[in-house]
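The following exercises are to be worked through with the sequence and the coordinates at hand. Each task is followed by a stepwise solution.

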Amino acid sequence: CQIKCKAANTNTKYCEEVSEVLDINWDDLGFGLTATDYMYVTKCSEHGMFKKGELQRFGNIEMNPSAGVLNYGQGLFEGLKAYKKEDGSILLFRPQENALRMRQGAERMCMPAPTVEHFVDAIKLTVMANKRWVPPKGKGSLYIRPLLMGSGSVLGLAPAPEYTFLIYVSPVGNYFKGLNLAPIHLIVENEFHRAAPGGTGGVKTIGNYASVLKAQSAAKAKGYSDVLYLDSVKNKYLEEVSSCNIFIVKNKVISTPSIHGTILPGITRKSIIDVARKEGYEVEERQICVDELLEADEVFCTGTAVVLSPVGSITYLGQKKEYVNTKDGGIAQKLYSALTSLQMGLTNDNMGWTMEL
Ligand code: COI
């Protein structure tokens, strides 16, 4: 039996429907990889355009040991999610934004990138080919991971001569342990920095994530959920958490560090700002001094994987500040509900952000 990926009208390739039994417990999804049926792959040369790609069974890929991505980290990734609605249809959330961010990152990393249309069509095709892996409503989402890699061989430092655009997917549940909206515990990093002015902190290059592992592992070993980074010039202003952006709330005014090249321009960050403004909150994008954490009423993090996580405590220079969880969950809970209702199709999408497959 074959399925036609009807949503991707520019690519009418058929793929065999996989008949193996789905061995998955939808009630026990964390944020780990589950191998699914198909991945999307296409390649192009250094100055070329990506060809229409194809679906392949999900599995290992071959790469020359001298590939640019393996030797010099010439690689980018994206993350977005698909949710299943009650009626079985599938919703994507703002895939064009990921396509644009990948294009901006590719420019910084000297890589060719798929067009927005190609990117979105490839996402639709991959999701439809793996649609049996989209968790039932309320059980989680299908995490979509597009990769752009310098796959051609280089020995001397230079852009790779060939590039691979690949998309794989995995059903996921909550990023941090615990239920939705379980508070996380952060430690402010005082020695290591995530990014420097003029560097690549503002794009989703793979090296930004490898470089935080040391601090993150040390924090986890001490029982913290993740690390909050400060700016590398003054060691004083909030930047972001290893895997997400940060917001603080004081007297109902919401603030988040402004984007100036060292902070990842999160799509969830941008969406939460718009949702909050629509709900009538004042939102400031500005420099936030680490001392403001002591005075904040609420702190929360946002990201595609994380969605929105309230922060229960932050430790800075040995001092722990705890944030009291109000009965109604506060502003974090309100914004979480507003955003996820849109993403899951529980409310009318008056923002025009979702794409139904
Ligand atoms: C995402 O939120 O999609 C990310 O890319 C963060 C990653 C560390 C899981």
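A nonpolar core is a set of buried Ala, Val, Leu, Ile, Met, Phe, Trp, Tyr and Cys residues joined through C-beta atoms within 7 Å. The model examined here is a predicted one.

**Exercise 1. Identify the residues that touch the most other members of the largest nonpolar core, and the helix that supplies its largest share.**

Step 1. The largest nonpolar core holds 92 residues, and A82, V127, I144, L148, V227, V299 and L335 touch the most other members.
Step 2. Helix α3 (residues 116–129) provides the largest share of this core, with eight residues.
Step 3. For V299, neighbours within four places in sequence are set aside; the remaining contacts are I246, F247, I248, L293, V311, I314 and Y323.
Step 4. As a general background, nonpolar side chains in soluble globular proteins tend to be buried together.

**Exercise 2. Classify the packing of helices α6 and α8 as roughly parallel, antiparallel, perpendicular or oblique.**

Step 1. The axes of α6 (residues 267–278) and α8 (residues 330–343) lie 10 Å apart, at an angle of about 110°.
Step 2. Angles of 65 to 115 degrees count as roughly perpendicular, and α6 and α8 are therefore roughly perpendicular to each other.
Step 3. On the α6 side the contact is formed by S271, I272, V275 and A276, and on the α8 side by L335, A338 and L339.
Step 4. These contact residues comprise six nonpolar, one polar and no charged.

**Exercise 3. Determine which residues surround the ligand and how they divide by character.**

Step 1. G79, Y209, S243, G303, T304, A305 and V306 surround the ligand.
Step 2. This shell consists of three nonpolar and four polar residues, with no charged residue.

**Exercise 4. Decide whether K252, V307 and G207 are buried, partly exposed or exposed.**

Step 1. A residue is buried if 20 or more other C-beta atoms lie within 10 Å of its own, and exposed if 12 or fewer do.
Step 2. K252, in the loop between β13 (245–250) and β14 (253–257), has 12 other C-beta atoms within 10 Å and is therefore exposed. Its phi is near 70°, a positive value in a residue other than glycine.
Step 3. V307, in strand β17 (residues 307–316), has 22 such atoms within 10 Å and is therefore buried. Phi of V307 is also positive, near 65°.
Step 4. G207, in helix α4 (residues 207–210), has 14 other C-beta atoms within 10 Å and is therefore partly exposed.
Step 5. Beyond residues up to four places away in sequence, G207 touches G73 and T200. G207 and Y72 are separated by 135 residues in sequence and by 9.3 Å in space, C-alpha to C-alpha.

Notes
Residues are numbered from 1 along each chain as its sequence is written. This is a predicted model: local features need pLDDT of at least 70, side-chain atom pairs count only at pLDDT 80 or more; totals for chains, interfaces and linings use all residues. Axes are lines fitted to C-alpha atoms, for helices over the stretch in contact, and angles run from 0 to 180 degrees between N-to-C directions. Helices (H or I, at least four residues) and strands (E, at least two) are DSSP runs, numbered from the N terminus. Angles under 35 degrees count as roughly parallel, over 145 as roughly antiparallel, 65 to 115 as roughly perpendicular and the rest as oblique. Two residues are in contact if their C-beta atoms, placed from the backbone, lie within 7 Å. Ala, Val, Leu, Ile, Met, Phe, Trp, Tyr, Cys and Pro count as nonpolar, Asp, Glu, Lys and Arg as charged, and the others, Gly among them, as polar. A residue is near a molecule or strand if its C-beta atom, placed from the backbone, lies within 6 Å of it.
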